[in-house]
Number of protein chains: 2
Amino acid sequence: MTMEGFRVLDEKSLREYIKATPSLASKLGNEVDNFKIKEVGDGNLNFVYIVISPSGSIVIKQAIPYVRCIGESWPMTKERSYFEATALKRQHGLSPKHVPEVYHFDRTMSLIGMRYIEPPHIILRKGLIAGVEYPLLAEHMAEFMANTLFYTSLLYLTTTQHKSAVAEFCGNVELCRLTEQVVFSDPYRISEFNRWTSPYLDTDAEAVRNDQILKLEVAELKSKFCEKTQALIHGDLHTDGHVDQGNDRKTYKAWIMDTIADTWNLFYKKFTSLWDIHKEGPGEAYLHEIYNDLELRELVKQKYMMDLFHDSLGFAAAKMIRRIVGVAHVEDFESISDLVKRSDCERRALEFAKNLMKKRRNFNTIADVIAVAK
Amino acid sequence: MTMEGFRVLDEKSLREYIKATPSLASKLGNEVDNFKIKEVGDGNLNFVYIVISPSGSIVIKQAIPYVRCIGESWPMTKERSYFEATALKRQHGLSPKHVPEVYHFDRTMSLIGMRYIEPPHIILRKGLIAGVEYPLLAEHMAEFMANTLFYTSLLYLTTTQHKSAVAEFCGNVELCRLTEQVVFSDPYRISEFNRWTSPYLDTDAEAVRNDQILKLEVAELKSKFCEKTQALIHGDLHTDGHVDQGNDRKTYKAWIMDTIADTWNLFYKKFTSLWDIHKEGPGEAYLHEIYNDLELRELVKQKYMMDLFHDSLGFAAAKMIRRIVGVAHVEDFESISDLVKRSDCERRALEFAKNLMKKRRNFNTIADVIAVAK
Ligand SMILES: Nc1ncnc2c1ncn2[C@@H]1O[C@H](COP(=O)(O)OP(=O)(O)O)[C@@H](O)[C@H]1O
Ligand SMILES: Nc1ncnc2c1ncn2[C@@H]1O[C@H](COP(=O)(O)OP(=O)(O)O)[C@@H](O)[C@H]1O
Ligand SMILES: [Mg+2]
Ligand SMILES: [Mg+2]
Ligand SMILES: [Mg+2]
Ligand SMILES: [Mg+2]
Ligand SMILES: [Mg+2]
């Protein structure tokens with residue numbers, strides 16, 4: 001990867017860049033001397049600019065050659081931008097209602113120009129923290145996951161298509177390595193990057209580092225993350241939703257639990273129904289001539305979905321753990337300013353997550369998981 | 001893949017080719033007007049020539065753009081030769097005593113020049129059929145497998161190295177697809193290519209096609225073959241060995257069983273000891289800082305090796321099944337001219353294989369497997 005031609009943009013140079021780029025300027029109605037730019041990147045890695053003119057808007061996302069939240073001491077290839085753009089385009093093609101359209105990609109500049117998801121859309125996490133109920137959330141999440149996962153898996157693809165996609169995304173190794181480290185490694189060892197609500201969680205963090213069964217399990221998940229090329233995943237969810245009324249805590253908790261259950265159950269339904277629709281399609285995994293028996297098809301689906309369910313629980317648990325004792329935390333907990341209260345919530349979440357990871361194979365339905373979470 | 005510059009060689013044109021290629025001619029002591037060529041390819045895919053001069057010898061293997069044992073009606077990219085050469089070179093580097101050295105590779109011509117493994121070496125299968133005992137066989141097989149599998153897995157490699165190797169070998173998709181079809185698909189469906197000792201095994205072949213549990217299991221194995229990028233495997237074993245005395249059947253059977261057991265047990269020992277040696281090495285899978293506890297390391301090894309054992313049993317079973325009801329059979333059975341006797345042996349092997357695939361997770365040691373095989 002070369003640095004040649006790459007410059008970190010600021011508002012001024014971004015303005016020039018947009019002026020000189022017809023595919024971006026046109027989205028602003030070509031009002032190239034009349035648009036506002038605002039940097040909003042709250043992420044850990046990239047710069048994100050919202051650009052608005054009287055007749056249009058875009059978002060510009062630029063990757064820089066280090067981890068933004070750490071600084072230049074943690075280099076990170078800006079080539080990740082290429083894979084993000086590629087994934088966004090592919091996923092937009094598969095689930096256009098749930099992924100912003102990419103208008104422009106500049107590999108040299110590691111710059112993506114895409115649709116601005118304007119207010120009243122807000123970041124889902126913030127809505128959830130504010131107690132907003134999203135009646136369509138489960139439906140939309142399930143739809144997005146079913147579309148993007150099914151169509152990039154061997155349930156739909158030939159191995160020729162699949163291997164070509166795998167080869168391409170193998171190039172995204174640096175970002176994958178970051179995930180390996182911060183999700184599957186650092187929380188389980190002493191690392192300068194780890195942090196937690198100290199001193200309250202000191203012994204809890206230590207317990208994670210000394211939990212042999214947990215380490216055995218996380219190794220299995222890490223191996224799946226590194227070696228099992230099952231489908232295209234990309235973690236950034238910019239979920240849209242209609243802002244609703246706030247609600248009392250008890251009702252809201254029930255809504256969240258229901259939504260989690262609905263999301264999995266709807267995903268199950270949508271994913272397997274895509275599979276049914278394409279059962280005579282090109283997918284190499286379960287060729288129709290071999291798996292055409294109705295009873296067998298049911299068996300196959302149950303087994304596949306059960307494995308996927310257990311994997312999902314395992315990865316969910318790993319993500320919960322890393323958000324509590326790893327480098328990057330989440331507002332859900334960080335916004336609790338009373339540290340005793342915060343650490344208490346975190347401890348309960350951590351215990352739940354550890355149990356979930358270790359016992360994930362014992363859960364048969366999402367209702368079983370919810371029962372324990374309650 | 002282009003055909004430009006590619007020609008299927010015959011003895012005459014091969015002679016000219018060798019003359020014009022110093023890296024080959026030099027292995028023949030540059031006696032370019034004094035060497036013999038013999039085509040010996042007994043394989044399903046390629047042409048293999050043994051070339052001998054008074055002062056040296058080589059083997060030339062050329063891939064042709066179709067499946068040799070089927071004919072031009074089944075096209076097969078000659079690019080497979082590139083991946084075979086690449087795998088041979090990598091494996092020779094890792095286990096030089098067990099893999100012939102590649103002297104020359106010509107991608108355009110899909111031509112590999114390599115060391116001739118001369119007599120008394122014979123093809124292992126033929127030695128086994130003739131009742132030859134190979135006292136070093138288990139040791140050599142175990143050594144080859146431990147070296148080539150360990151060093152190409154994430155137990156030794158960083159994910160950067162691993163993903164780059166995965167991306168490269170994704171290009172070998174056509175040969176992988178052939179394997180998918182003839183090993184994991186055709187035996188479980190009606191296919192014009194399938195054959196079996198008919199009519200004796202007609203109902204047995206049908207039973208395979210109607211065995212739902214078997215089909216459930218073979219789907220899992222196929223998914224591992226297609227999606228799980230665990231290590232570099234290449235199926236062609238040209239095992240060397242010293243030709244020994246023939247033996248009576250009972251003793252020979254016992255020797256075979258012992259050798260199977262020894263092969264796994266020695267592999268287990270060698271593979272885990274490589275892992276021990278490199279436990280602080282670059283391998284991403286089990287970082288030393290996380291898995292440095294002795295007891296945990298034992299747990300981790302046991303789990304990893306048990307999974308590998310069950311996978312091995314599953315793939316062994318799949319290979320047995322496909323050799324009996326799929327397209328390509330083996331001399332072990334084909335050389336039995338009495339069809340009743342042959343089909344009887346085949347049926348017993350088939351039943352054993354079906355049982356092995358379905359129950360593979362119930363076996364804890366190779367001794368358990370041998371007990372059932374007996
Ligand atoms: N297309 C978009 N429309 C509206 N806001 C966006 C868009 N893309 C990013 N953002 C805002 O920028 C933030 C950071 O973007 P994100 O893609 O998550 O960056 P990172 O990958 O660095 O985490 C998001 O949380 C969101 O607030
Ligand atoms: N390096 C070698 N030395 C001696 N004999 C060889 C060598 N390579 C191939 N052969 C002979 O040619 C046969 C076919 O080669 P093989 O590599 O198995 O071809 P295929 O991949 O088409 O099955 C082998 O079974 C063996 O008899
Ligand atoms: Mg983000
Ligand atoms: Mg991101
Ligand atoms: Mg062969
Ligand atoms: Mg071969
Ligand atoms: Mg071969």
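**Close-up 1. Arg115(A) and Ile117(A) meet ligand 1 through their backbones.** In this predicted model, a backbone N or O atom of Arg115(A) sits 2.9 Å from a nitrogen atom of ligand 1. Follow the chain to Ile117(A), where a polar backbone atom is likewise placed 2.9 Å from a nitrogen atom of the ligand. Taken alone, ligand 1 exposes 540 Å², and the protein buries 87% of that area. Strand E2 (46–53) and strand E3 (56–63) of chain A are the elements that give two or more residues to the shell around ligand 1.

**Close-up 2. The shell around ligand 1 has 16 residues.** If you would like to find your way around this site, start with the closest residues: Asp42(A), Asn46(A), Lys61(A), Arg115(A) and Ile117(A). Lys61(A) brings a polar side-chain atom to 2.4 Å from an oxygen atom of ligand 1. Sorted by class, the shell holds eight nonpolar, four polar and four charged residues.

**Close-up 3. A hairpin links E1(A) to E2(A).** Six residues make the connection between these two strands of chain A. Strand E1 (residues 36–39) and E2(A) run antiparallel and are joined by four bridges. To pick out one bridge, look for Glu39(A), whose partner in E2(A) is Tyr49(A). As a reminder, strands of a sheet pair through backbone hydrogen bonds, either parallel or antiparallel.

**Close-up 4. In chain B, ligand 2 is surrounded by 16 residues.** The closest of them are Asp42(B), Asn46(B), Lys61(B), Arg115(B) and Ile117(B). The side chain of Asn46(B) has an N or O atom 2.8 Å from an oxygen atom of ligand 2. Two backbone contacts also come into view here: Arg115(B) places a backbone N or O atom 2.8 Å from a nitrogen atom of the ligand, and a polar backbone atom of Ile117(B) is 2.9 Å from a nitrogen atom of ligand 2. The protein buries 87% of the 540 Å² that ligand 2 exposes when taken alone. E2 and E3 of chain B are the elements giving two or more residues to this shell. Its residues comprise eight nonpolar, four polar and four charged ones.

**Close-up 5. Five strands of chain B form an open sheet.** Reading across the sheet, the order is E1-E2-E3-E7-E6, and the pairing is antiparallel. Strand E1 (36–39) and strand E6 (102–106) of chain B each have a single partner strand, so one side of each edge strand is left without a neighbour in the sheet. From one strand to the next, the twist averages 20°.

**Close-up 6. E6(B) pairs with strand E7 (residues 111–114) of chain B.** These two strands run antiparallel, with four bridges between them. A handy pair to locate is His104(B) and its bridge partner in E7(B), Gly113(B). Helix H3 (residues 80–94) of chain B packs on the sheet and touches E2, E3, E6 and E7 of chain B. The direction of helix H3 makes about 155° with that of E6(B).

**Close-up 7. Helix H1 (residues 11–19) of chain B lies across the strands.** Along its way, helix H1 crosses E1, strand E2 (46–53), strand E3 (56–63), E6 and E7 of chain B. Relative to E1(B), this helix runs at about 130°.

Note on methods:
Residues numbered from 1 in each chain as written. Chains lettered and ligands numbered in written order. Predicted model: local features only at pLDDT ≥ 70, side-chain atom pairs only at ≥ 80, totals over all residues. Heavy atoms only, no water. Pairing = 2+ DSSP bridges. Axes fitted to C-alpha atoms, helices over the stretch in contact; angles between N-to-C directions. Contact = heavy atoms within 4.5 Å. Near = heavy atom within 4 Å. Polar contact = N/O pair within 3.5 Å; in protein donor to acceptor, adjacent residues only side chain to side chain. Areas by Shrake-Rupley, 256 points an atom, 1.4 Å probe, with all protein chains shown as cover. Nonpolar A, V, L, I, M, F, W, Y, C, P; charged D, E, K, R; others polar.
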